[in-house]
Amino acid sequence: MTAMVDMDPVTCVQLPSFDVSQPLDHASLSSLALACKEWGFFHITNHGVSADLLKKVKHLSSGLFGLPSETKLNAGPNSSVKTYTPHFIASPFFESLRVSGPDFFASAQSSVRVLDPTNTEFSEVMKEYGSKMSELSQKIIKSVLTCLGSDFETLFYESEFSKCHGYFRINNYSPCEKPDEEPVEGLGMHTDMSCITIVHQDVSGGLQVRSREGKWLDINPCEGTLVVNIGDLMQAWSNDRLRSSEHRVVLRRNTNRASFAFFWCFEDEKTVLAPDEVVGDMAADRRVYKPFSCAGYMKFRENNERGKFEKVGFTVKDFAGYNIPSADQHDDQ
Ligand SMILES: O=C(O)CCC(=O)C(=O)O
Ligand SMILES: [Fe+2]
C-alpha cells in the first residue's frame, strides 16, 4: 500500500499571503480572486492563532499519539467514539484524531475519556483552538465572497454561510524510514469536502498542490502563516469560479510530521446551489452543478473512498456535475 511518489523535479508554488487583521484593499482582493481561481490555495498572516497555542496543540496531541496502539483503538473506527483514524487507513504513515464543533470541548473530552482520562488540558486547548479557527473561517469566507463580488458578503453571508460548522483533524505522520530513497505519500491525492480548510503544517513541509497541468508543487511552510484552501462545497457554490485543488502530503525526512487541518463546512441539510448572481448572466455562463445536499455528498465520498485512499477518488464534479454520467447513477441528492 506504500505509494512511492513520481520523481518529477518538484518546484515550489509562490502563493500570495494576506494579512487578515486588516480589511483587504482592492489590489489584495484581486490577488485573492486570482489565487482562489488558479490554485485554490493561499497563505494568511496575522491570524490571531499564537505560536504558543499551536505548540500546545502539538504537545498535547503528541501525548495521545504516543499511547499504545491498542489504547488508541478505544477511539478508533470500531469504537463508539470514532474520533481516531489509525495507520493503514489513509496511508501506512498517517494517523489522525478528529475534534468536532460546535462544542469542541465535549468532542475532545469524548476522546480523552477513552484514551487518557488524566489528560485534563487537552480539551481546554481544543476548545480554544476550535473557537479561534471558527472565527478565522468566518472572516476568510467573508473575504472570499467579497473577492467574487463587491456586494456578495452582504448578499450571501447571512443567508448561505451563517450556519457553517467546523471540525478539525490533528494529523500525525510517522517518520519515513528511508529518507535517502524516494519520497513516499503520507496522504494521497484528494480534494477537501469543506467550504474552506485552514492548515497548519510544521517545519518539515511536504504539503503539495497539483497544478491544472497536473504538476505537483510544494507549498513550503512559513513561520507565522497558515495555509487556506478552497474545498469542494465552495467550488460548487461558486460555480467553479473558485478551485478546490487536488493536494497531497509527501514525506521526505526521517522525522515525525504534524499538521492540523480545520474544515469549515455547510450544514449537512443544506442544498448547495450557486446563486444566479454568482453564475452570471452572460450567454457563456451556465450552471455547472445540479443542486445537491451536503449530507448526500459526504455519503457519496465516504462510500467511494473507503479503503481506496491511494486512488484519485471522486469529487463533487462526479457527484453533481452536469454532463458527468456517474452523477446520474446515484440517488443521494
Ligand atoms: O497534512 C497536511 O498538511 C494536509 C492535510 C490534508 O490535506 C487534510 O487533512 O485534508
Ligand atoms: Fe486536504
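Q: What makes H190, D192 and H247 donors of the iron ion (ligand 2)?
A: In this predicted model, the iron ion (ligand 2) is coordinated by H190 (NE2), D192 (OD) and H247 (NE2) at 2.1 to 2.2 Å. Donors are N, O and S atoms within 2.8 Å of the metal (3.2 Å for Na, K and Ca), so these atoms qualify. Water is not among the atoms, so sites may look incomplete.

Q: Which spacing do the donors of the iron ion (ligand 2) follow along the chain?
A: The spacing is H-x1-D-x54-H. D192, in the loop between β7 and β8 (196-201), and H247, in strand β12, are 55 residues apart and link distant parts of the chain. Strands (E, at least two residues) and helices (H or I, at least four) are DSSP runs, numbered from the N terminus.

Q: Why is the pairing of S259 with ligand 1 called a polar contact?
A: A polar contact is a pair of N or O atoms within 3.5 Å. A polar side-chain atom of S259 lies 2.6 Å from an oxygen atom of ligand 1, so the pair meets this limit. For R257 the corresponding distance is 2.9 Å, and for an N or O atom in the side chain of N171 it is 3.4 Å; these pairs therefore also qualify.

Q: How do you know what share of ligand 1 the protein covers?
A: On its own, ligand 1 has 300 Å² of accessible area, of which the protein covers 99%. Such areas come from the Shrake-Rupley method with a 1.4 Å probe.

Q: Which elements give two or more residues to the shell around ligand 1?
A: They are β6 (165-173), β7 (184-190), β12 (247-251) and β13 (257-265). β13 gives the most, with four residues.

Q: What makes a residue near ligand 1, and which come nearest?
A: One of its heavy atoms must lie within 4 Å. Of the 14 residues around ligand 1, R169, Y173, H190, R257 and S259 come nearest.

Q: What makes the bond between G101 and P102 a cis peptide bond?
A: Its omega is about 0 degrees. P102 lies in the loop between β5 (94-100) and α4 (104-115).

Q: On what basis are residues numbered and features included?
A: Residues are numbered from 1 along each chain as its sequence is written, with chains lettered from A and ligands numbered from 1 in the order in which they are written. Local features need pLDDT of at least 70, side-chain atom pairs count only at pLDDT 80 or more, and totals for chains, interfaces and linings use all residues, while side-chain values use heavy atoms, leaving out hydrogens and water.

Notes:
A polar contact is a pair of N or O atoms within 3.5 Å; within protein, one must be able to donate a hydrogen and the other to accept it, and residues adjacent in sequence count only if both atoms are side-chain atoms.
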